[in-house]
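Welcome to a short tour of a protein chain. Have the sequence and the 3D view ready, and follow along from the overall outline down to single residues.

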Amino acid sequence: MTPVNRSRLSDDVVGRDLFQFDSNGFATRCPMGHRPIDHRILSGHNSTRRSLHAIFDGNTCRSCQMLDQCPVRAPNHRERGCSPRDTVGDFRLEITPEMRLRDKMSSDQQTPQWKDRYKIRSGIEATNSELKRSHGIGKLRVRRAVKVCFTVACKLIACNIKRWAKAHFYVLNQLLHSFILLLEARLNEVGRFHNNALLCK
Ligand code: SF4
């Protein structure tokens with residue numbers, strides 16, 4: 001589950017999921033309950049790609065209290081900086097299946113249920129990133145499923161061992177330090193014993 005990015009729109013702009021559509025993908029009602037006056041194939045926003053648009057009556061949209069939050073686009077032929085409420089002509093909304101799906105997913109992402117489910121994925125994102133950056137899991141040099149599975153398993157084991165060693169580094173360091181001190185003490189004892197033995201002779 002990858003989150004969708006709708007960053008070009010401000011947060012208070014509602015999505016196409018608040019519009020109603022029929023089974024053929026045509027808009028039947030806007031969030032304020034108005035019917036579109038037409039449907040046309042027009043160029044998309046900032047693109048030459050032509051797609052399905054719902055056309056809404058300009059006078060209705062201009063007087064609508066929800067205009068600032070609505071994703072409908074004002075007519076193109078207007079002066080730079082001209083407010084949508086001061087335009088002339090009808091408003092339009094691109095309603096391709098992809099854009100409707102994107103808006104639906106974007107509004108789903110705001111729900112606590114989605115955030116709860118996403119927590120699981122975000123919890124392992126650091127591991128995915130580490131496997132890609134440090135272990136090159138994104139560019140394997142082997143082909144065929146068996147070899148790929150084996151290589152991935154080896155990389156996962158290496159990553160786990162590295163993490164385990166890092167997590168236990170302090171404890172291991174302390175143990176090693178204690179062991180060296182103990183060894184030193186024992187060697188000193190043995191040395192003293194030998195010296196005493198030589199003196200007794
Ligand atoms: S701006 Fe137009 S399309 Fe949008 S909610 Fe208002 S009337 Fe409907």
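Helices (H or I, at least four residues) and strands (E, at least two) are DSSP runs here, and they are numbered from the N terminus. By that rule, the protein chain has 5 helices and 5 strands. Along the sequence they follow the pattern β-β-β-β-α-β-α-α-α-α. The radius of gyration is taken over C-alpha atoms, and the globule rule is 2.2 Å times the number of residues to the power 0.38. For the 201 residues of the protein chain that rule gives 17 Å, whereas the radius of gyration is 34 Å, so the chain is more spread out than a compact globule.

Before going further, please keep in mind that this is a predicted model: local features need pLDDT of at least 70, side-chain atom pairs count only at pLDDT 80 or more, and totals for chains, interfaces and linings use all residues. Residues are numbered from 1 along each chain as its sequence is written.

**The overall outline**

Along its principal axes, the C-alpha trace of the protein chain spans about 120 × 40 × 35 Å. The protein chain is divided into domain 1 (16-108) and domain 2 (112-167), with bounds that come from an automatic or database domain assignment. Between the C-alpha centres of domain 1 and domain 2 there are 43 Å.

How much of the protein chain counts as buried? A residue is buried if 20 or more other C-beta atoms lie within 10 Å of its own, exposed if 12 or fewer, and partly exposed in between, with C-beta atoms placed from the backbone. On that scale, 10% of the 201 residues are buried. Two residues are in contact if their C-beta atoms, placed from the backbone, lie within 7 Å. Of the contacts in the protein chain with a separation of 6 or more, 50% join residues 24 or more positions apart.

**The sheet**

Two strands pair if DSSP finds at least two bridges between them. An open sheet is formed by 3 strands in the order E3-E4-E5, with antiparallel pairing. Its edge strands are E3 (38-43) and E5 (91-94), each of which pairs on one side only. From one strand to the next the twist averages 40 degrees; axes are lines fitted to C-alpha atoms, for helices over the stretch in contact, and angles run from 0 to 180 degrees between N-to-C directions.

Strand E4 (residues 50-56) pairs with E5 over 4 bridges, and E3 pairs with E4 over 6 bridges. Ala54 of E4 makes a good landmark to look for: His39 stands opposite Ala54, and Ala54 also stands opposite Leu93 in E5. Other facing residues include Arg40, opposite His53 in E4, and Ile55, whose bridge partner in E5 is Arg92. The hairpin of E3 and E4 has 6 residues between the strands, and Asn46 takes a positive phi near 55 degrees there.

**Three residues to find**

| Residue | Place | Other C-beta atoms within 10 Å | Class |
|---|---|---|---|
| Met99 | helix H2 (residues 97-108) | 19 | partly exposed |
| Gly25 | loop between strand E1 (20-21) and strand E2 (27-29) | 13 | partly exposed |
| Arg144 | loop between helix H3 (112-135) and H4 | 8 | exposed |

Leaving aside neighbours within four places in sequence, Met99 is in contact with Arg16 and Glu94. Met99 and Met66 are 33 residues apart in sequence, and their C-alpha atoms are 20 Å apart in space. Which residues does Gly25 contact, again leaving aside neighbours within four places in sequence? They are Leu52, Ile95 and Pro97. The C-alpha atoms of Gly25 and Asp12, 13 residues apart along the chain, are separated by 25 Å.

Arg144 has a positive phi near 85 degrees. For background, most residues other than glycine have a negative phi.

**Helix H4**

Helix H4 (residues 145-167) has 23 residues, which should span 33 Å at 1.5 Å a residue; its end C-alpha atoms are 32 Å apart, which agrees. The expected span of a helix is 1.5 Å times one less than its number of residues. Is H4 well covered or hardly covered? H4 is hardly covered, and the count of buried residues among its 23 residues is 0.
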